[in-house]
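Reader: Hi! I'm new to reading protein models and would love a close look at one small part, followed by a walk through other places worth visiting. Could you take it slowly and tell me how to read each place?

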Amino acid sequence: MNYTEKDKKLIRIAYKDLLRPFIDNMNKEDKAAVRKAYELALEAHQYQRRKSGEPYILHPIEVARICIEEIGLGPTAIISALLHDVVEDTDITLEYIEKEFGNKIAMIVDGLTKFKDLNMDNLSPQAENFKKVLSTMAKDVRVVLIKMADRLHNMRTLGSMPPHKQLKIASETTYIYAPLAHRLGLYNIKTEFNDLCMKSLQPEEYKYVADKLQETKKSRNEYIGEFISPLISKLDALGIDYQISGRPKSISSIWNKIKTKGVEFEEIYDLFAIRIILDVPLAEEKLICWKVYTIVTELNTPIPERLKDWVTTPKANGYESLHTTVIGPIGKFVEVQIRTLRMHEIAEKGFAAHWKYKGVKQNQFNVFDSWLDNIRDILENQEGDPVEFLQDFKTNLYKEEIFVFTPKGDMKILPKGATALDFAFSIHSEVGYHCRAVKVNNILVPLGHPLQNGDQVAIETNNAQKPSENWLNFVITGKARAKIRSSMKEERRKKGELGKETLMRKLKGVKADFELNVDMLVSHFDFQSRPDLYYAIFKETINIQKELKKFECIGGKLSIIEEKAEQKEDKQISPKEPTHFRAKRNFTGKPKLMIDNQPADQFKHSLATCCNPVLGDPVFAYVTSLGEVKIHRNTCPNAEHLMANYAYRMKKAEWIDSDNTDFLATLLITGIDGRGVAQRITGFITNDLKLDMRSISMDGNQGFFQGRISVVVNNKDQLRKTILALKAMDGVYSVIREDQ
Ligand code: MN
C-alpha cells in the first residue's frame, strides 16, 4: 500500500486509540466487522492526503473516534464512520458495501455520501439534498450524528484550508450544523461549533475574549472556591456521590453577550457556572435534585425569575437540568446547574444517550420521537419547494416547545409561538384544511391566536372551508406551512389551467400558433416558466389581449413591433437602483465590454436587471428572442435555466479591465440578511469610504448572507481600515480578504 513508514505508525496509533475505550465490551463479530471496515478504508484511501498533508485515512478514524467518545455511538456507527468517504472519494461502490457489511450500513453510508454536496454555493440543489438526507435521518438518526462528527473533525482542522474555504465551511456550520446539533441535544458539539466558527470568522474578537478569560482565571478560580466550600460540607452530609465544579462559559456565548447587551467583558456576571452532578438512582432523581436546590438557595439568595426547571419538563432537545441563579459572595450573580449523571450524559451526548436510556425510563414525553415524527410529517409533503422546506426546518430548530392539550386530554408538543391553526394541522392535515373556528380554553379565538403552555384547544371544522394564501401568516410550524403551500400550489395550478385556456384563445384570435410563441412570451414578460405566465394571465396581472397588440403575426409567429421594443428597453434601463450601480452601466467612451470578441457597442445590448452585473463580474451574453443581447452574471439565478434550455443563444462576454494601476482587493463578507443589506454595504463603500467597486455579488439565504466585493484601494493600510469599517457595520458578521 501507498503509505510510508511514518504514515503507518501514525495510522496504527490512531486506530489503537479508536479501539481502546470499547474493545472489551464488543463481541467477536463486531470486532471483526470494525477491523474489516478499517482495512477497506485504509486501502481505498491510500492515495489520498488531507490538506494538512496527513494520510486521508486519519480523518475517518478520527470521525469514528468522535462517534464513540463524544457522541456515545456503537459498532454500527463506527463501521459507517470508517467507511463514510469511500463511496464518494474512491472506486468502492455502495453495492460492494452492502454485500460486505449489510444493508443497514450501506443505507447509512449512502445517506452520508448524499450529505457530501451540501454547500452554500447552490442553495437549491443543496436544499433538495438536505431534504433527502433528512429522509434518511428519519429512518436512521445515526446518519446525522455521524455527519456531525465528520463536520466537527473538519472544523477542528479548518486551519489548513485556504481562507475562502474556511469562510464557506464556517458559514455553513453556523447556518445549519450548529442549530441541528442544538436540536439533537449535542450540546457540547454545538458549543464547539460556535467557538470554532467564531475563531475562524472573527479571529480578533475570539482572541480578545480568550485572552480576557486567561487574565481573569486566577481571581475567578478563587471566587469559585469561596462559593463552593460551604456547599461541599452540606452536600457531604447528604451521603451521596457527587461532583461539583465551576467552569467558564464558552467564548462564543460570552462574545454574544458582549455584542447583544452592549457591555464590556468586565461587566458580564455569568462568565462561569457551577455544576453539581449527582450520582443517584433513577427513582430518587427529582427528589434529590430539589434537595440540592434547597441547600444551594439556603446558602445564597436565589433570583426567582431565573429558576429554570427542565427536570419536570425537559427541553425540546431532551435536555434535563435544574438551573438557578443566586447571589453569591460580594453580591455577584452565580448560575448553578443541578443534574444527575444520567441527565448529564444526555446533556453531553444528546440523542445517542437518549437511545441508551430509552428502555429504562425516558422523560415523561418522548421528545425526540415526537420531533422525528414531525420531520417525517414535513417530509411526506414531497411537493414542497426544497428552499422553503429548508427554511421551515431551520426556523424550527431553535424553537422552545410548548405543551397543549386536545379536549380529550391528549398532549401535543408544538414550537413556542405556534398558533391555533398550527394546532389544527398538527392533529391532521384535513383538520387544518377545513379549520373554521378554534376555541382555546372554551373561548373562541382567531386562527392566528398564539397558544400558551397548558392551553386546551378545540377545533371546529367545516368542509366548505379552504386554506387561503394569508393563512401562511397565521402559522409557524413547518408542517402547517408545507400543507398550506401545497394546497395553494394546487389552487394555482388549477387557475393556471384557466389562464392557459385564455392564452390559447387569444393567440388563436390573432392567428398565432401556441407552441411557436408561448416560450417567447414567457421570456418577454420575464417569467421563469410557462405556469407562471398562465397564472399571471388568470390573475389579470397581464392583460394579454392588450399586450398582444404590441406584436405582429407573420406565418403564425409573433414578433414585436419595433418602436414598442424601444419603449420596453427604456423602462429596463431606469430601474430604481442606487446611482453607483448605474454609473457602472455607462457604455459611452472606450468599450468596457466585449461580446463574442467584438466591442459591445456593435450589438444592441443591455445589462440584465435580474442580476445587475457590474464591471468585473464573470458574465455571459444571451440573445433574446427579440434579437437583443442581454448581459447576465454567471451566477445569475436565471443562468442555469437559460443555459439548460437555450444553450444555442449563449455568447461569450467579458469585461476589459482598462486600468490596472490601482490595487484590487476582494472581500468576503458575511452577516445577517436584512432588506437592503447589499445597498447599505455598497452605499457605505462608495459614499462613506469613497472607494471604487469593481464587482459585487451577494447571496442572501434566509437570514444569512454571503457577499464578495472587489474594491480598488491604494495600499494595504487603506484595505485594513476598510475591513475594520465594514466590520463595524450593523448586521455584518465577518469580513475577510480573499487570497488572490
Ligand atoms: Mn468526511
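Author: Let's begin with two residues that face each other: Phe620 stands opposite Lys652, which belongs to E19. Please keep in mind throughout that this is a predicted model. Phe620 falls within strand E17, which covers residues 619-623, and its neighbour E19 covers residues 650-655. These two strands run antiparallel, and 3 bridges join them. As a bit of background, strands in a sheet pair through backbone hydrogen bonds, and the pairing can be parallel or antiparallel.

Now step back from the pair to the sheet around it. It is an open sheet of 6 strands, and reading across it gives E15-E14-E19-E17-E18-E16. You can find E19 and E17 side by side in that order. Although E17 and E19 are antiparallel to each other, the pairing of the sheet as a whole is mixed. At its edges are strand E15 (598-599) and strand E16 (605-607), each of which pairs on one side only.

Another sheet lets you practise the same reading. Here 3 strands, in the order E10-E9-E11, form an open sheet, with antiparallel pairing. Strand E10 (443-445) and strand E11 (457-461) each have a single partner strand, so one side of each has no neighbour in the sheet. From one strand to the next, the twist averages 35°. Strand E9 (residues 435-440) pairs with E10 over 3 bridges, in the antiparallel sense. One of the residue pairs to look for is Val440 with its bridge partner Ile443, which is in E10. What lies across E9, E10 and E11? That is helix H20 (residues 420-427), and it runs at about 75° to E11.

Next, let's visit the metal. Which residues coordinate the manganese ion? They are His59 and His84, each through NE2, together with Asp85 and Asp150, each through OD, at 2.2 to 2.5 Å. Along the chain, these donors follow the spacing H-x24-H-D-x64-D. Asp85 sits in the loop between helix H4 (75-82) and helix H5 (86-89), while Asp150 is in helix H9 (residues 142-156), so this pair ties together parts that are 65 residues apart in sequence. Are these two aspartates buried or exposed? The cut-off for buried is under 20% relative accessible area. Asp85 has 2%, so it is buried, and Asp150 has 4%, so it is buried too.

From there, move to a place where two helices meet. Packed helices are described by the angle and the distance between their axes. For helix H11 (residues 187-201) and helix H12 (residues 203-215), the axes come within 5 Å and cross at roughly 120°. H11 and H12 are therefore called oblique to each other. On the H11 side, the residues in contact are Asp195, Met198, Lys199, Ser200 and Leu201, and on the H12 side they are Pro203, Glu205 and Tyr206. Sorted by class, this contact has 4 nonpolar, 3 charged and 1 polar residues.

Another helix shows you buried residues and their partners. In helix H24 (residues 530-539), Leu533, Tyr534, Tyr535, Ala536 and Ile537 are buried. The buried residues of H24 pack against helix H22 (478-509), helix H23 (514-524) and helix H25 (544-548). Just after H24 comes Glu540, which has a positive phi, near 60°. Glu540 lies in the loop between H24 and H25. With a relative accessible area of 65%, Glu540 is exposed. The C-alpha atoms of Glu540 and Gly499 are 8.8 Å apart in space, while the two residues are 41 apart in sequence.

Our last local stop is Glu69, found in helix H3 (residues 58-69). Its relative accessibility is 36%, and so Glu69 counts as partly exposed. Leaving aside residues up to four places away in sequence, Glu69 touches Asp17, Pro21 and Lys349.

Finally, zoom out to the chain, which comes to 30 helices and 23 strands. Of its 740 residues, 49% count as buried. Among contacts in the chain with a separation of 6 or more, 66% are between residues 24 or more positions apart.

Terms used: Residues numbered from 1 in each chain as written. Predicted model: local features only at pLDDT ≥ 70, side-chain atom pairs only at ≥ 80, totals over all residues. Heavy atoms only, no water. Axes fitted to C-alpha atoms, helices over the stretch in contact; angles between N-to-C directions. Helix = DSSP H or I, 4+ residues; strand = E, 2+ residues; numbered from the N terminus. Parallel < 35°, antiparallel > 145°, perpendicular 65-115°, else oblique. Contact = heavy atoms within 4.5 Å. Nonpolar A, V, L, I, M, F, W, Y, C, P; charged D, E, K, R; others polar. Donors = N, O, S within 2.8 Å, 3.2 Å for Na, K, Ca; no water. Buried < 20%, exposed > 50% of the residue type's maximum accessible area, 1.4 Å probe, protein only. Pairing = 2+ DSSP bridges.
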